[in-house]
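Here is a friendly tour of a protein model, written for someone who likes to know how each number was defined. Please keep the structure open beside the text as you read.

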Amino acid sequence: MARNLTGLKIRSFRRKAGLTQSALADRVGISASYLNLIESDKRSAAGMLLVKLGAELGVSPSELDGLAERRLVESLEELATDPRIGGEGPRARATEDLVGRHPEWAELILGLYRAFNDQSEAVLALADRLNHDPFLGESVHRMLTSVTSVSSAAEILGSADDLAPADRERFLAIIAADGARLTQTARALLDFFDNSTMRVRSATSMEHVDAFIFQSDNYFPELETLADEYRREALALEIPPEGNDTASVPARAESARFAATRVLAGRVAEEAVNTIVNAHPALPTEEARALARAALISYVAGAFLMPYERFLEVAEACRYDLDQLSRRFRVSYEQAAHRLATLRRPGAAGVRFAYMRSDASGYVTKRLPLPGLPLPRYGTACPMWPVYGAFQTPGTTARCFGELPSGDGFLFFARAVEKQSAKVGHPRKLLSIMLACPAHEAENVVYGDGLDRARATIPVGTVCRLCPRTNCTHRQEAPLIA
């Protein structure tokens, strides 16, 4: 787990302000030696002391708490697990020192890595298309057939001086016809490669959105306020009132209801969403901003259907039982789970949950990590996590306590849900939704009931390349650092 980086931040801002340790210590009422321990990350700074330090340095306390830097450390450590880079990864302390002392370089490294991934994905997608696209295979086959026919006819014409006029005309017709077919196929291939719909779409934009959500802690107070205002005014949206604990709404009805709410959210929140998106530095491209707008519109729809205060009150009363929350607010399991991960209002926060959504192949489609529990962005997570085991029993909650090599413990619970009705002859489209919270919060969460943490904790990791548990029977890759 990354250490606290607050000290490095304080040192950096102090030097920018041109203050000595003694001068700053005098202003906040502590000794210079104690400030030295804080800046060396040997003592913590919190509460009123952090407020005083921020006031003297001209920055808000949130800029000193090191949260953004801890996220950078987690992203760099995640980068180090990529087997394409190879070599032995940096030690954790070196990563933290880089982020603490040179955050701009750390951001640059991550930007280069995103560009590298973007290009790699483009090459792989193009290679896969060239290898497997039936149009390409058929086109090449037609070209070879036409070339062979033209070549054979030309050879006969060139070597046979005594051909009858009718035969010569027949072979010339073959050459003309196959030449025309060859030209037609070549033009089709040219159109294929020049078609904008064929171009590989960049993976970088989704990573920018991921960073945007991450930096915002998945909580947008202005959108919560907007949703409350329009809910109270009951704008022209015919949505049934909240249900009760026994009501049941079919998944398709839940989806239709959310879609209708999302239409309203798009109308009333457009200006607020654009203001947030256009001003955020993590969204440098129009494609990334478009994806972020869509995510925030869904956020507003969720806030409209599940008002913050009421949802938190019911969640605490039922101890975060997703089935009860789904019935009570007439939303899907997935919508209720995602809303739980947004209950992060300062001074009125619920249990802090990590959120992860994966398809059956292990591809992570949504993620919101927690301190000490980084979720993978590239590749799959620890196979011991119930987000994968849930696919074995769709509709049933898989749960366990897990302890990471760092000693941090978490309660994991996941359920595989059917995203849409399967077509005839097609497999079911299942997505696994997992939430995780610190193990000490388990008594507040119904999914911890009946699990004996002392006896039933499973040793887990984050990803194999970062996990030192060499005797794990689920290991797929060797650890990066032995």
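The report below goes from the whole chain to one sheet, then to a helix pair and two single residues.

This is a predicted model, in which local features need pLDDT of at least 70 and side-chain atom pairs count only at pLDDT 80 or more, while totals for chains, interfaces and linings use all residues. Residues are numbered from 1 along each chain as its sequence is written, and side-chain values use heavy atoms, with hydrogens and water left out.

**The chain as a whole**

The protein chain holds 19 helices and eight strands; helices (H or I, at least four residues) and strands (E, at least two) are DSSP runs, numbered from the N terminus. Of its 482 residues, 43% are buried, where buried means under 20% relative accessible area, exposed over 50%, and partly exposed in between, with a 1.4 Å probe and protein chains only. The accessible surface comes to about 25100 Å², and carbon and sulfur atoms contribute 55% of that. These areas come from the Shrake-Rupley method with a 1.4 Å probe, and for residues only the protein chains shown count as cover. Among contacts in the chain with a separation of 6 or more, 67% join residues 24 or more positions apart; a contact means heavy atoms within 4.5 Å.

**The six-stranded sheet**

Six strands form an open sheet in the order E4-E3-E7-E6-E5-E8, with mixed pairing. Two strands pair if DSSP finds at least two bridges between them. Strand E4 (364-368) and strand E8 (457-459) stand at the edges with a single partner strand each, so one side of each has no neighbour in the sheet. On average, neighbouring strands are turned by 30° against each other, direction ignored.

Three of the pairings are set out here, each with one residue pair.

| Strands | Sense | Bridges | One residue pair |
|---|---|---|---|
| E3 and E4 | antiparallel | four bridges | Tyr355 and Leu368 |
| E3 and E7 | antiparallel | six bridges | Ala354 and Ala436 |
| E6 and E7 | antiparallel | ten bridges | Arg415 and Ile433 |

Further pairs can be picked out along strand E3 (residues 354-359). Met356 has Met434 in E7 as its bridge partner, and Arg357 stands opposite Lys366 in E4. E3 and E4 form a hairpin with four residues between them, and Gly362 in the turn has a positive phi of about 95°.

How many residues of E3 are buried? Five of the six are, so E3 is largely enclosed by the rest of the structure. The same kind of count for E7 gives eight buried residues of ten, so E7 is also largely enclosed by the rest of the structure.

**Helix H17 and its neighbours**

Helix H17 lies across E3, E4, strand E6 (409-420) and strand E7 (429-438), and runs at about 30° to E7. Axes are lines fitted to C-alpha atoms, for helices over the stretch in contact, and angles run from 0 to 180 degrees between N-to-C directions.

H17 (residues 333-340) also packs against helix H16 (residues 322-329), at an angle of about 105° and with the axes 9 Å apart. The two helices are therefore roughly perpendicular to each other, a label for angles of 65 to 115 degrees, whereas those under 35 count as roughly parallel, those over 145 as roughly antiparallel and the rest as oblique. On the H16 side the contact is made by Leu322, Asp323, Leu325 and Ser326, and on the H17 side by Tyr333, Ala336, Ala337 and Leu340. These residues divide into six nonpolar, one polar and one charged. Here Ala, Val, Leu, Ile, Met, Phe, Trp, Tyr, Cys and Pro count as nonpolar, Asp, Glu, Lys and Arg as charged, and the others, Gly among them, as polar.

**Two single residues**

Is Ser146 buried or exposed? Ser146, in helix H8 (residues 134-159), has 4% relative accessibility and so counts as buried. Leaving aside neighbours within four places in sequence, Ser146 touches Asp178, Arg181 and Leu182.

Pro479 is found in the segment after E8 and, at 21% relative accessibility, counts as partly exposed. With neighbours within four places again left aside, Pro479 is in contact with Cys464, Arg465, Cys467 and Thr470. Pro479 and Pro468 are eleven residues apart in sequence, and their C-alpha atoms are 5.9 Å apart in space.
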